[in-house]
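User: Hi! Could you walk me through this structure in simple words?

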Amino acid sequence: MLLILRAKSKASIVFCTCKKSVYKTNAFVLSWILNSVLKELMSEIIYATDAAMVWADLKERFDKNSPRLFTVEELAIYNGSDPSLPIFLAIIGSVFDVSKAKSHYGVGGGYNHFAGRDASRAFVSGNFTGDGLTDSLRDLSSAEVKSIVDWRDFYFRTYIFVGKLVGRYYDTDGNPTKYLKGVEAKAARGAQLMEKQKNEEAKLPSCNSRWSQQEGSEVWCDDGYPRLVQRPTEIALTGKMSKRCACFKEEDLDQPGLEVYEGCDYLAKTCRL
């Protein structure tokens, strides 16, 4: 837009550098801007009288050097229903242009439920209807929150970041809220716990496993004996207790907390489930 204004010798009006003919040029520039913006913006500036003020407002909202701030209502416009507009989605308050994947995010696409809104919770809940399409991460585990943050990072790598959604995660000035900082901290805690669990489990080799339709599931150890053992950090990660199959040497089988698979002999190296 700025290049065109300069070409027509009208750029000075929007930067207030001209000394003469301001009023003569003002109407021309306003008319040109009105005919250049998206129709969705027309109602916001149609009664404007100062071209410089209109330009400053549009520059603040759409300058690529600073993120655009969206309201929930504004973001909803970019849900893929209008083929003349790009398709945007938000995750943890960050807004991305996913138009290049229109077949997925457009109307009829498998991910269209994410378009035009922040449905962060659905990335881990799998609930794509009603209350499931929300940006609230309340009561999610640290592992689930970390997974959503990982999804946000994926969008930063894959799509174009276009702005921020004002609300739960960013205030009206585009600054992070306490809620966003809490989400980031919980995700970081989840990452630490997952690394701790990985290191702990590396000390005990996992059982081999396989499944076939004819024989069902089977676990075995090449060196040692299969036992079910609690995953101590799982409660902190997911809020649930879980077990895994690990291989123990015979001299370690008397440790407390080890569970023999039902129907499996004490010193069996292979157990059918």
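Analyst: Happy to! Let's start with a word we will need: buried means under 20% relative accessible area, exposed means over 50%, and partly exposed is in between (1.4 Å probe, protein chains only). At 13% relative accessibility, Cys264 therefore counts as buried.

User: Where do these values come from?

Analyst: This is a predicted model, where local features need pLDDT of at least 70, side-chain atom pairs count only at pLDDT 80 or more, and totals for chains, interfaces and linings use all residues. Residues are numbered from 1 along each chain as its sequence is written, and side-chain values use heavy atoms, with hydrogens and water left out.

User: Cool. How many helices and strands are there in the protein chain?

Analyst: The protein chain has 11 helices and 9 strands. Helices (H or I, at least four residues) and strands (E, at least two) are DSSP runs, numbered from the N terminus.

User: And how much of the protein chain is buried?

Analyst: Buried residues make up 40% of its 273 residues. The accessible surface comes to about 16,400 Å², and 53% of that belongs to carbon and sulfur atoms. Those areas come from the Shrake-Rupley method with a 1.4 Å probe; for residues, only the protein chains shown count as cover.

User: Back to Cys264. Which residue does Cys264 form a disulfide with?

Analyst: Cys264 forms a disulfide with Cys271, and their sulfur atoms are 1.8 Å apart. A disulfide here is a pair of cysteine sulfur atoms within 2.5 Å. By this rule the count comes to 3 disulfides. The link of Cys264 and Cys271 is left-handed, with -65° about the S-S bond. Cys271 is buried too, at 1% relative accessibility.

User: What about Cys207, which cysteine is joined to that one?

Analyst: Cys207 is joined to Cys245, with an S to S distance of 1.9 Å. Cys207 lies in the loop between α10 (178–202) and β5 (208–212), while Cys245 is in strand β8 (residues 243–248), so to speak a link between distant parts of the chain, 38 residues apart.

User: Why is that disulfide of Cys207 and Cys245 left-handed?

Analyst: The torsion about the S-S bond is about -75°, so this disulfide is left-handed. Cys207 is buried at a relative accessible area of 13%, and Cys245 is buried at 13% as well.

User: And what is the S-S distance for Cys221 and Cys247?

Analyst: The sulfur atoms of Cys221 and Cys247 are 2.1 Å apart, and the two form a disulfide. This pair also links distant parts of the chain: Cys221 is in the loop between β6 (216–220) and β7 (225–230), Cys247 is in strand β8, and they are 26 residues apart. Both cysteines are buried. If you count bonded cysteines along the chain, the disulfide pattern is 1-3, 2-4, 5-6.

User: Changing topic: which residues touch the most other members of the largest nonpolar core?

Analyst: Ile92, Tyr105 and Tyr155 do, in a core of 26 residues. A nonpolar core is a set of buried Ala, Val, Leu, Ile, Met, Phe, Trp, Tyr and Cys residues joined through side-chain atoms within 4.5 Å. The elements giving two or more residues to this core are β2 (88–91), α8 (122–125), α9 (142–158) and α10. The largest share, 4 residues, comes from α9. A second, separate core has 10 residues, including Cys207 and Cys264.

User: What does Ile92 touch?

Analyst: Leaving out residues up to four places away in sequence, Ile92 touches several residues, among them Asp118, Ile148, Tyr169 and Leu180. Contact means heavy atoms within 4.5 Å. Ile92 also sits in the turn of the hairpin formed by β2 and β3, with 2 residues between the strands, and has a positive phi of about 50°.

User: How do β2 and β3 run?

Analyst: They run antiparallel, joined by 4 bridges. Two strands pair if DSSP finds at least two bridges between them. Ala90 stands opposite Val95 in β3. On the other pairing, 4 bridges join β3 to strand β4 (residues 160–165), also antiparallel, and Phe96 stands opposite Phe161 in β4.

User: Are the faces of β3 buried or exposed?

Analyst: Both faces of strand β3 (residues 94–97) are covered: Ser94 and Phe96 on one side, and Val95 and Asp97 on the other, are all buried.
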